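Reader: I would like a close look at a single part of this model, followed outward into its surroundings. Please take it step by step, and keep to what can be computed from the atoms.

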Amino acid sequence: MTDASSHGPHSSGDRSSFGFRDVDAREKVKMVRGVFDSVASNYDVMNDLMSVGVHRIWKDIAAAKLNPRPGETILDVAGGTGDMARRYSKMARAAQERRGGEDANVIVLDYNAEMILAGVHKGGEPEMQWSVGDAMNLPLPDASVDAYSISFGIRNVAHIDKALAEARRVLKPGGRFLCLEFSRPTTTPIRKVYDAWSFHAIPRIGGWVAKDRDSYQYLVESIRRFPDQDTFKGMIEDAGFRRVSVTNLSGGIAAIHHGWAI
């Protein structure tokens, strides 16, 4: 995991942020792929160490907010090793056992094949299927999914607005959008403590455990550059979503943005 706070727009034109640097958007795609190629094998262990396990609580809250249902097609973008998809599958199956209905279909899509392979190795649920694909150019037809989620991934795309537009395109009328992402702490004391932890501890942990300090330095910096809660809410609304809500977690260290394709 990592930190929070925002320093302006994530990307502009064909430029995009890579940590604290601005790079060509096409170059960012390659650079982010390199980061996740490097961290894939240690990704889940590092998440536990960096967040002291709190990311699991955040993910449980987000999955409950999405409320998976029997028979739905749920797309989990930047799904990585499948943490969220496993939650969705189990929740949809539990609802199916209570009230009947068809099996859910949970699609895990990630740009990085190494992350997908790590997830497949970890094991899945019967409802899950794995796919390599681009959040900015989803390999799915219009109005084909009931729910779209992206967790700790949208800050890594080259153009957030394009990813949001694709989310809106593939959702059915009345479909649900959910994004779990690091955000901006809501109080100065929380921000100071979190800044100290993220900038000093997390890259060091990455160096010790994953033998890759630089990739975790990027992940810390990428959160700093991500838009704050209200700015990101406006971007989601600009993409055509309605009734967009924000739920802060752990004092705004992370936030859930939820909206409807109405």
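Author:

**From P173 into the core and the helix pairs**

Leaving aside residues up to four places away in sequence, P173 touches A143 and A261. This is a predicted model, and within it P173 has its place in strand β8. P173 and A261 are 88 residues apart in sequence, yet their C-alpha atoms are 5.6 Å apart in space. The relative accessible area of P173 is 76%, and since exposed means over 50%, P173 is therefore exposed.

The same cannot be said of the core to which the strand contributes. The largest nonpolar core has 26 residues, and those that touch the most other members are L75, V77, Y148, I154, F177, F232 and F241. At least two residues of this core come from each of β4 (73-77), β5 (105-110), β7 (145-151), α6 (160-170), β8 (171-182) and α9 (229-238). Helix α6 gives the largest share, five residues. Looking at F177 in particular, and again not counting residues up to four places away in sequence, one finds that F177 touches Y148, L164, A167, L171, I236, F241, H257, H258 and G259. Another core, of 23 residues, lies apart from the largest one and has I74, Y88, V106 and F152 among its members.

Two helix pairs complete the view. Helix α3 (residues 54-66) and helix α4 (residues 83-99) pack with their axes 10 Å apart and at an angle of about 45°, and α3 and α4 are therefore oblique to each other. Their crossing is right-handed. On the side of α3 the contact is made by H55, R56, K59, D60, A62, A63, A64 and L66, and on the side of α4 by D83, M84, R87, Y88 and M91. Sorted by class, this contact of α3 with α4 comprises seven nonpolar, one polar and five charged residues.

In the second pair, helix α7 (residues 188-209) and helix α8 (residues 213-224) have axes that come within 7 Å and cross at roughly 155°, which means that α7 is roughly antiparallel to α8. Here, too, the crossing of α7 past α8 is right-handed. The residues of α7 that meet α8 are D195, S198, F199, I202, P203, R204, G206 and G207, while α8 brings R213, Y216, Q217, V220, E221 and R224. By class, the contact of α7 with α8 has five nonpolar, four polar and five charged residues.

How values were computed
Residues are numbered from 1 along each chain as its sequence is written. This is a predicted model: local features need pLDDT of at least 70, side-chain atom pairs count only at pLDDT 80 or more; totals for chains, interfaces and linings use all residues. Side-chain values use heavy atoms; hydrogens and water are left out. A nonpolar core is a set of buried Ala, Val, Leu, Ile, Met, Phe, Trp, Tyr and Cys residues joined through side-chain atoms within 4.5 Å. Buried means under 20% relative accessible area, exposed over 50%, partly exposed in between (1.4 Å probe, protein chains only). Helices (H or I, at least four residues) and strands (E, at least two) are DSSP runs, numbered from the N terminus. Contact means heavy atoms within 4.5 Å. Axes are lines fitted to C-alpha atoms, for helices over the stretch in contact, and angles run from 0 to 180 degrees between N-to-C directions. Angles under 35 degrees count as roughly parallel, over 145 as roughly antiparallel, 65 to 115 as roughly perpendicular and the rest as oblique. A crossing is left-handed if the near helix is turned anticlockwise from the far one by less than a right angle, and right-handed if clockwise. Ala, Val, Leu, Ile, Met, Phe, Trp, Tyr, Cys and Pro count as nonpolar, Asp, Glu, Lys and Arg as charged, and the others, Gly among them, as polar.
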